[in-house]
Amino acid sequence: MNIITYIITIAIVIIIAKIFVLPLKKIIKLILNSILGGALIYIINLIGASFGFHIGLNIFTAIFVRNFGSARSNFVSNN
């Protein structure tokens with residue numbers, strides 16, 4: 001009877017792990033994209049400082065620049 005309990009417990013742990021892996025991957029991807037977006041805004045601000053150009057650096061602009069900027073560049077390169 002103990003073997004069946006162990007097998008059921010392992011199966012439940014595997015099922016729960018599979019349920020939480022996909023949202024965790026999306027959260028990690030969002031965090032990494034935000035960091036890349038922030039770095040891109042920082043570089044744009046460094047270059048644009050000589051032209052009087054500035055983009056506010058906060059979490060919303062970082063997410064926007066990285067997520068929508070890469071989607072647009074993929075769209076343009078596919079056509």
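**Exercise 1. How many helices and strands does the chain have?**

Solution. The predicted model has two helices and zero strands.

**Exercise 2. Find what span helix 1 should have, and compare the expected span with the model.**

Solution. Start with the limits: helix 1 covers residues 2-48, which is 47 residues. Next, apply 1.5 Å a residue, counting one residue less than the total. The expected span is therefore 69 Å. Now take the end C-alpha atoms, which lie 67 Å apart. The two values agree.

**Exercise 3. Where does helix 1 bend, and which proline follows?**

Solution. The bend is at V21 and amounts to about 30°. P23 is the proline, and it follows within four residues.

**Exercise 4. Classify N45 as buried or exposed, then list its contacts.**

Solution. First, place the residue: N45 lies in helix 1. Its relative accessibility is 14%. The cut-off for buried is under 20%, so N45 counts as buried. Other buried residues of helix 1 include N33, S34, G37, G38 and I41. Leaving out residues up to four places away in sequence, N45 touches F53, H54 and I55.

**Exercise 5. Describe burial and surface for the chain.**

Solution. Of the 79 residues, 10% are buried. The exposed area is about 6,800 Å². Carbon and sulfur atoms supply 77% of that area.

**Exercise 6. Which residues have pLDDT under 50 throughout, and how many contacts beyond four places in sequence do they have?**

Solution. Begin with the chain: pLDDT averages 75, and 80% of the residues score at least 70. Over residues 71-79, pLDDT stays under 50. The model gives this stretch zero contacts beyond four places in sequence.

Key:
Residues numbered from 1 in each chain as written. Predicted model: local features only at pLDDT ≥ 70, side-chain atom pairs only at ≥ 80, totals over all residues. Heavy atoms only, no water. pLDDT = per-residue confidence, 0-100. Contact = heavy atoms within 4.5 Å. Buried < 20%, exposed > 50% of the residue type's maximum accessible area, 1.4 Å probe, protein only. Areas by Shrake-Rupley, 256 points an atom, 1.4 Å probe, with all protein chains shown as cover. Bend = angle between axes of the 7 residues up to and from the residue.
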